[in-house]
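Reader: I would like to go through the labels that are put on this structure and ask, for each of them, what it rests on.

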Amino acid sequence: MKKQKARTTNKLRRQNLSVETREELSMRIANKALQLPIWEHSFYHIFLAIETQAEINTEYLLHILNGKDKQVVIPKTDFKTRAMKSILLLDNTRLKLNAYDIPEPLDGIEITSTQIDVVFIPLLAFDKTGQRAGYGKGFYDAFLALCKPETIKIGLSFFEVEEEPFEDVLNTDIPLDYCVTPEKVYSF
């Protein structure tokens, strides 16, 4: 299967979920994430949902991270350079939607990529080998390439694994270590 086909199909499937269903599935994903062997680490990078894209609501996962006294960082993107910075999320962090409706910090303390232990990654689909299909811009692949090799990469998906492997994997694509769905934690 081509990643573009998986993108298109799952984007439509996601848009067709009601707000109530997305909230319920997001909560189930957060609860499933508790099964991951990741909770001894310190720095966790997490995306904030793009509501217009019907993404997983990561607030439930944020509550878990805060309850476990973890250091949480969120991305700030530069669409000209296709780079992401990680900004420490604090109680007084001010957020604003960027031109793509992504909630981002206005300012804050930058954490280097090499300090991050765990990265939660948005995606549209994933296959049995841990390859993922996101929006196709390469932001997360470029970001993950800067992280330390032992950084744990976790996808979050409303939908289960694609049965067919992706045919169009690039050598710059960085696979997941885990993917969490409402039903299961996949390990690769």
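The exchange below takes up salt bridges, cysteines, burial, contacts and the largest pocket in turn.

Author: Please keep in mind throughout that this is a predicted model.

Reader: What makes the pair of Arg-94 and Asp-107 a salt bridge?

Author: The rule asks for a side-chain nitrogen of Lys or Arg within 4 Å of a carboxyl oxygen of Asp or Glu. The side chains of Arg-94 and Asp-107 meet at 3.0 Å, N to O, and therefore the pair satisfies the rule. Arg-94 sits in the loop between strand S3 (83-88) and strand S4 (95-97), while Asp-107 sits in the loop between strand S5 (103-105) and strand S6 (110-111), so the bridge ties together parts that are 13 residues apart in sequence. A search of the whole structure finds eight salt bridges.

Reader: Why are Arg-94 and Asp-107 called partly exposed?

Author: Buried means under 20% relative accessible area and exposed means over 50%, with partly exposed in between. Arg-94 has a relative accessibility of 48% and Asp-107 has a relative accessible area of 41%, so both fall in the middle class.

Reader: Which class do the partners take in the salt bridge of Lys-128 and Glu-163, and which in that of Arg-132 and Asp-141?

Author: Lys-128 and Glu-163 are both exposed, and their side chains meet at 3.0 Å, N to O. This pair links distant parts of the chain, with Lys-128 in the loop between strand S8 (125-126) and strand S9 (132-133) and Glu-163 in the loop between strand S10 (152-156) and strand S11 (178-180), 35 residues apart. Arg-132 and Asp-141, on the other hand, are both buried, and their salt bridge has an N to O distance of 2.6 Å.

Reader: How do you know that Cys-147 is in no disulfide?

Author: A disulfide needs two cysteine sulfur atoms within 2.5 Å. The cysteine sulfur nearest to that of Cys-147 belongs to Cys-179 and is 17 Å away, which is too far for a bond. By this rule the count for the structure comes to zero disulfides. Both residues are nevertheless buried, Cys-147 at 8% relative accessibility and Cys-179 at 0%.

Reader: Why is Asn-98 called buried, and what does its side chain reach?

Author: The relative accessible area of Asn-98 is 18%, and because the limit for buried is under 20%, the label applies. Asn-98 lies in the loop between S4 and S5, where its side chain reaches the backbone nitrogen of Tyr-100 at 2.7 Å and makes a polar contact with the side chain of Thr-77 at 3.5 Å. Leaving aside residues up to four places away in sequence, Asn-98 touches Thr-77, Phe-79 and Glu-104.

Reader: What makes Thr-93 buried, and which residues does Thr-93 touch?

Author: Thr-93, found in the loop between S3 and S4, has a relative accessibility of 16%, so the value satisfies the requirement of under 20%. The side chain of Thr-93 reaches the backbone nitrogen of Leu-90 at 2.7 Å. Not counting residues up to four places away in sequence, Thr-93 touches Leu-88 and Pro-105.

Reader: How do you know that Ala-49 is buried, and where is Ala-49 placed?

Author: Ala-49 is in the loop between S1 and helix H3 (59-67), and its relative accessible area of 17% counts as buried, because buried means under 20%. Beyond residues up to four places away in sequence, the contacts of Ala-49 are Glu-55, Ile-56, Asn-57, Thr-58 and Pro-103. Ala-49 and Asp-101 are 52 residues apart in sequence and 9.2 Å apart in space, C-alpha to C-alpha.

Reader: What volume does the largest pocket have, and which element gives the most to its lining?

Author: The volume is about 830 Å³, and of the 36 residues that line the pocket, the closest to its centre are Gly-134, Tyr-135, Gly-136, Lys-137 and Phe-139. H1 gives the most to the lining, with four residues; helix H1 (3-15), strand S2 (71-78), S9 and helix H4 (139-146) each supply at least two.

Reader: Which residues of H4 are buried, and what do they pack against?

Author: They are Phe-139, Tyr-140, Asp-141, Phe-143 and Leu-144, and they pack against strand S1 (43-45), S2, S3, strand S7 (118-122), S9 and S10.

Technical notes: Residues numbered from 1 in each chain as written. Predicted model: local features only at pLDDT ≥ 70, side-chain atom pairs only at ≥ 80, totals over all residues. Heavy atoms only, no water. Buried < 20%, exposed > 50% of the residue type's maximum accessible area, 1.4 Å probe, protein only. Polar contact = N/O pair within 3.5 Å; in protein donor to acceptor, adjacent residues only side chain to side chain. Contact = heavy atoms within 4.5 Å. 1 Å grid on protein atoms, 1.4 Å probe; cavity = no way out; pocket = protein on both sides within 12 Å on 5 of 7 lines; lining within 4 Å. Points joined across faces, edges and corners; volume = space filled by probe spheres on them.
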